[in-house]
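Notebook open, coffee poured. I am going through this one from the strands outward and jotting down what I look up.

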Amino acid sequence: MSMEKIHMPELWDAIPDTPDMCRDAVLHAVSTYREGRDVRRTYKVVFAVVLVLALLCGTVALAANGWNVLQFLQFPQDHMSKSLVEEVSASAQVDNCSIQIESVVTDGKYLAYDWTVENHDITKPVYIQVDSFTGNGIPLYTDGTDDFHQQWFPGMFNQGIMQDGNLTRLPENLPGDVVDVEMVIGVYTPVKPVCQMDLFDEEQIREKLNEGYYVIVEGEGLVLDDPESGLMVGYGSINDAEAMGFYREEMDISFTVNLLAGRAMCKPLTLPEVATKDKVQVEYLAAYASPLQISCTIELFKEGMTRNEACELLEQGYFDLTDGRGATVEHTTLEGFGGIRERPDGAWCIYYDCSIANDEQLPEEVSMSFIMQNDQTITVPLKIK
């Protein structure tokens, strides 16, 4: 029997109303936009290998390794955003699980912080998820990359400990000159003893379920026995701990960050005029630069373009950072998301909203260019220095 996986619709919730014929293109575009994050994924895999060896040899001294927000962002310790880094040293613990946050950096638009999450007794697996994440009471969102949210500890991606960080865009309407960040982290322990399986095997799973075990398959997901569909592995949140056979505890962790210095150093950039190439118009709606990052929102459209035409154009290319002449520029994408949407005049467009890590090596003039399959590049220079 093949394993059926149920994926929670979190990605679709983030994508605006998009016709079915476009969804593959949108997902391809999202994957392309997030290529800059792959570097962090590689870094965490390396860390995980070192960590496993350390666990085999004895206790891991986390405090001694100097993990901080700049390391999480893969910035050098003398990065130009160093002056905006604040030490917070926040922590929370319940039973065998703990979270530690050492430092944070913000420019008033983005907030980044490091974290270390650990289950100190790996003989008792727990499922950990972020049940609430707010800034001044307004919902914030994890970046979804290398996250401890909705993970088993130990599980497929860890041996009881994970160390990474989170980057989140702050709400435009965030009040005040400080932000009080609070995370409520649910720690879910199966009421029944746990059996970990390397592969999905219906016969073995049912045998263990009948013996009174909770089964974890391949170190992730939640085993479900649906009356209609039978056994399957679901991925997502635990919404009713008691009904799903879990005992819930929570870790509450909070810290306060001053926004004044970051806001003072985050400046709007002068937007270039709308450019046209082969009847395709390109417009920057917003652009900002700070020592932490350079962000912009850009749209591509044609006069009277329909939804289907926007989808077709999206399938023909992708956005990437270049210099002012269209040549590739080495950079790190902190965040990137795009798709199609309707403009105020009723025409449909492709949009891309992104943040690029600022770097002294970036040229004075860059472009968030649309690179097409026919090797054409639509370039609109933007002066960032």
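Which residue in S21 is the bridge partner of Thr333? I looked it up, and the partner is Ile356. Note to self before going on: this is a predicted model.

**Entry 1: around S21**

Thr333 belongs to strand S20, which covers residues 333-342. I find S20 and S21 paired in the antiparallel sense, with nine bridges between them. The two strands make a hairpin, and five residues sit between them. In that turn I noted Gly346, whose phi is positive at about 95°.

Next I checked S18. Nine bridges also join S18 to S21, and this pair runs antiparallel too. Here I picked out Gln293, whose bridge partner in S21 is Ala357.

How many of the 10 residues of S21 are buried? My tally is 10 of 10, so I count the strand as mostly covered, taking buried as under 20% relative accessible area. I then sorted the side chains by direction. Trp348, Ile350, Tyr352, Cys354 and Ile356 point one way. Cys349, Tyr351, Asp353, Ser355 and Ala357 point the other way, and all of these residues on both faces are buried. I underlined Asp353 and Ser355 in that list, since they are buried along with the rest.

**Entry 2: the cores**

I went looking for the largest nonpolar core and got one of 35 residues. Leu300, Phe319, Met368 and Phe370 have the most contacts inside it. The elements giving two or more residues are strands S17 (280-289), S18 (293-301), S19 (317-323), S21 (348-357) and S22 (365-372), plus helix H7 (307-314). Which of them gives the most? It is S21, with six residues.

I followed Leu300 by itself, skipping neighbours within four places in sequence. Its contacts include Val280, Gln281 and Val282. Met305, Phe319 and Phe370 are on the list as well, and so are Cys349, Ile350 and Ile378. Cys349 and Ile350 take me back to S21, where they point opposite ways.

Apart from this core there is another, of 32 residues. I wrote down Cys97, Leu140, Val181 and Phe255 as being among its members.

**Entry 3: cysteines**

I looked for disulfides and the count is zero. For reference, a disulfide is a covalent bond between the sulfur atoms of two cysteines. I checked how covered a couple of cysteines are. Cys97 has a relative accessible area of 2%, so it goes down as buried. Cys266 comes out at 11%, and I put it down as buried too.

**Entry 4: backbone oddities**

Most residues other than glycine have a negative phi, and most peptide bonds are trans. I therefore listed the exceptions.

Phe153 and Pro154 are joined by a cis peptide bond, with omega about -5°. Pro154 is in the loop between strand S7 (151-153) and strand S8 (161-169). Asn158 lies in that loop between S7 and S8 as well. Is Asn158 buried or exposed? Its relative accessible area is 5%, so I call it buried. Its side chain reaches the backbone nitrogen of Gly160 at 2.8 Å. Leaving out residues up to four places away in sequence, Asn158 touches Trp152 and Phe153.

Ser89 has a phi near 45°, positive although Ser89 is not a glycine. I placed it in strand S2, residues 85-94. Its relative accessibility is 46%, so it counts as partly exposed.

Glu218 is another non-glycine with a positive phi, about 55°. It sits in the loop between strand S11 (214-217) and strand S12 (222-226). At 25% relative accessible area, I have it as partly exposed. I also checked Phe200, which is in the loop between strand S10 (194-197) and helix H5 (202-210). Phe200 is buried, at 13% relative accessibility. Phe200 and Glu218 are 18 residues apart along the chain, and their C-alpha atoms are separated by 7.6 Å.

**Entry 5: whole-protein numbers**

I finished with the totals. There are seven helices and 24 strands. Of the 385 residues, 49% are buried. I also took contacts between residues at least 6 apart in sequence, and 66% of those join residues at least 24 apart. The protein exposes about 18800 Å², with carbon and sulfur atoms supplying 49% of that area.

Note on methods:
Residues numbered from 1 in each chain as written. Predicted model: local features only at pLDDT ≥ 70, side-chain atom pairs only at ≥ 80, totals over all residues. Heavy atoms only, no water. Core = buried A, V, L, I, M, F, W, Y, C linked by side-chain atoms within 4.5 Å. Buried < 20%, exposed > 50% of the residue type's maximum accessible area, 1.4 Å probe, protein only. Helix = DSSP H or I, 4+ residues; strand = E, 2+ residues; numbered from the N terminus. Contact = heavy atoms within 4.5 Å. Pairing = 2+ DSSP bridges. Disulfide = S-S within 2.5 Å. Areas by Shrake-Rupley, 256 points an atom, 1.4 Å probe, with all protein chains shown as cover. Polar contact = N/O pair within 3.5 Å; in protein donor to acceptor, adjacent residues only side chain to side chain.
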